[in-house]
Amino acid sequence: MRKTQQLSRRIVEGFLAGFDLLVTPTMACLPPLVGARRAGSANDPLMPLLNSYPMGVFTSVFNVTGQPAISIPIHHDDATGLPVGVQIVAAPWREDLLLQVSRTLELAHPWADRRPPVS
């Protein structure tokens with residue numbers, strides 16, 4: 001397992017070497033309703049894992065390989081009011097660049113005072 005993680009890290013670092021930053025969606029879906037990941041688990045115990053996949057598909061590789069990454073909520077879905085984020089990934093030891101760009105995005109799209117509706 002450790003060798004696989006190290007190999008994965010080297011592959012991702014090699015890919016990122018050609019870029020200053022990588023920008024992806026944070027999630028492949030809008031945030032689901034509370035409890036939605038358990039849907040179907042009475043029939044198939046793997047359903048919570050399958051239901052969770054769209055929520056971690058873009059972030060999991062960097063969680064495993066250890067690249068610095070951050071998620072910034074820069075938009076709200078019009079229908080639900082829920083935040084929609086972008087993930088920014090930097091090369092190893094480039095947290096300085098990651099934080100500088102994140103701050104610039106936060107200043108351009110302030111979100112601290114926005115709240116989704118609560119039902």
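Modeller: Contact means that heavy atoms lie within 4.5 Å. The model before us is predicted.

Biologist: Which residues does Arg-37 touch, not counting residues up to four places away in sequence?

Modeller: By that criterion, Arg-37 touches Met-47, Pro-48, Asn-51, Ser-52 and Met-55. Arg-37 itself is found in the loop between strand 1 and helix 2 (47-56). Along the chain, Arg-37 and Asn-51 are 14 residues apart, yet their C-alpha atoms are separated by 5.0 Å.

Biologist: Why does Arg-37 count as partly exposed?

Modeller: Buried means under 20% relative accessible area and exposed means over 50%, with partly exposed in between. Arg-37 has 40% relative accessibility, so it counts as partly exposed.

Biologist: How should one read the sheet?

Modeller: Strands of a sheet pair through backbone hydrogen bonds, in either a parallel or an antiparallel manner. Here, three strands form an open sheet in the order 1-3-2, with antiparallel pairing. Strand 1 (21-25) and strand 2 (69-76) each have a single partner strand and stand at the edges, so one side of each lacks a neighbour in the sheet. Strand 2 and strand 3 are joined in the antiparallel sense over seven bridges, and His-76 stands opposite Pro-83 in strand 3.

Biologist: Which strands does helix 4 touch?

Modeller: Helix 4 (residues 95-108) packs on the sheet and touches strand 1, strand 2 and strand 3. Its direction makes about 155° with that of strand 3.

Biologist: Which residues make up the largest nonpolar core?

Modeller: That core has five residues: Ile-72, Val-86, Ile-88, Ala-90 and Leu-98. Strand 3 (residues 83-90) gives the most to this core, with three residues.

Conventions
Residues numbered from 1 in each chain as written. Predicted model: local features only at pLDDT ≥ 70, side-chain atom pairs only at ≥ 80, totals over all residues. Heavy atoms only, no water. Core = buried A, V, L, I, M, F, W, Y, C linked by side-chain atoms within 4.5 Å. Buried < 20%, exposed > 50% of the residue type's maximum accessible area, 1.4 Å probe, protein only. Helix = DSSP H or I, 4+ residues; strand = E, 2+ residues; numbered from the N terminus. Pairing = 2+ DSSP bridges. Axes fitted to C-alpha atoms, helices over the stretch in contact; angles between N-to-C directions.
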